[in-house]
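Please open the structure in a viewer and keep the selection tool ready. This tour moves from stop to stop, naming what to select and what is found there.

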Amino acid sequence: MAKSIKKTETFQIEAPDAADVALVGDFTDWQKNPVLMSRQKNGVWKASVRLDPGEHEYRFLVDGQWRNDNSCPLTRPNPYGETNSVRHVAP
């Protein structure tokens, strides 16, 4: 069986006044293994993650508050009455 090849995906969110931003999703076991994001000089926070092909649900934690990726058009309802952003990674 062929092994799927992970792709590097870059996530970003504009949060110039934030002190701490993390990327969480199905690929981090949500809050168990958050990906800490790096603040750029322009106030945008970025992180790159290697993901398997397919769909991945995620959100940002900005100073402890859940935020969606406003640049992501695809969302899916979550069990908490909100939505998760969905990133499609091509094979």
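**First stop: Lys 7**

Select Lys 7 together with Pro 91: the side chain of Lys 7 reaches the backbone oxygen of Pro 91 at 3.0 Å. This is a polar contact, that is, a pair of N or O atoms within 3.5 Å; within protein, one must be able to donate a hydrogen and the other to accept it, and residues adjacent in sequence count only if both atoms are side-chain atoms. The model is a predicted one, in which local features need pLDDT of at least 70 and side-chain atom pairs count only at pLDDT 80 or more, while totals for chains, interfaces and linings use all residues. Residues are numbered from 1 along each chain as its sequence is written, and side-chain values use heavy atoms, with hydrogens and water left out.

Lys 7 belongs to strand E1. Strands (E, at least two residues) are DSSP runs, numbered from the N terminus, as are helices (H or I, at least four residues). Is Lys 7 buried or exposed? Lys 7 counts as partly exposed because its relative accessibility is 29%; buried means under 20% relative accessible area, exposed over 50%, and partly exposed in between (1.4 Å probe, protein chains only).

Now display what surrounds Lys 7. Not counting residues up to four places away in sequence, Lys 7 touches Val 49, Arg 50, Leu 51, Val 89, Ala 90 and Pro 91; contact here means heavy atoms within 4.5 Å. Asn 42, by comparison, is 35 residues from Lys 7 in sequence and 26 Å away in space, C-alpha to C-alpha.

**Second stop: the open sheet**

Select strands E1, E5 and E4. These three strands form an open sheet in that order, E1-E5-E4, with antiparallel pairing. At the edges are E1 (7-14) and E4 (38-39), each of which pairs on one side only. Two strands pair if DSSP finds at least two bridges between them. In general, the strands of a sheet pair through backbone hydrogen bonds, either parallel or antiparallel. E4 and E5 (residues 44-51) are joined by two bridges, and Arg 39 has Trp 45 in E5 as its bridge partner.

**Third stop: Val 35 and Thr 28**

Move to Val 35, in strand E3 (residues 35-36). Leaving aside neighbours within four places in sequence, the contacts of Val 35 include Ala 47 and Val 49, as well as Thr 28. Select Thr 28 next, in the loop between strand E2 (21-25) and E3. Thr 28 is buried, because its relative accessible area is 4%. With the same neighbours set aside, Thr 28 is in contact with Leu 23, Asn 33, Pro 34 and Val 35.

In the loop between E2 and E3, also select Trp 30. Its phi is near 55°, a positive value in a residue other than glycine. Trp 30 counts as partly exposed, since its relative accessibility is 28%.

**Fourth stop: the largest pocket**

Which residues line the largest pocket? Select Trp 30, Gln 31, Glu 57, Arg 59, Trp 66, Asn 78, Pro 79, Tyr 80, Glu 82 and Asn 84 to display the lining. On a 1 Å grid over the protein atoms alone, a pocket is an open set of points where a 1.4 Å probe fits, with protein on both sides within 12 Å along at least five of seven lines; lining residues have an atom within 4 Å of a point. The space in this pocket is about 200 Å³.

Centre the view on Asn 84, in strand E9 (residues 83-89). Asn 84 is buried because its relative accessible area is 5%. The side chain of Asn 84 makes a polar contact with the side chain of Asn 78 at 2.9 Å.

**Last stop: the partners of E9**

Select the whole of E9, which is mostly covered: five of its seven residues are buried. E6 and E9 run antiparallel and are joined by five bridges; Glu 57 has Val 86 in E9 as its bridge partner. Add strand E8 (residues 75-77), which pairs with E9 in the antiparallel sense over three bridges. There, Thr 75 stands opposite Ser 85. Finally, select Gly 81: in the hairpin of E8 and E9, with five residues between the strands, Gly 81 takes a positive phi near 80°.

Key. Points joined across faces, edges and corners; volume = space filled by probe spheres on them.
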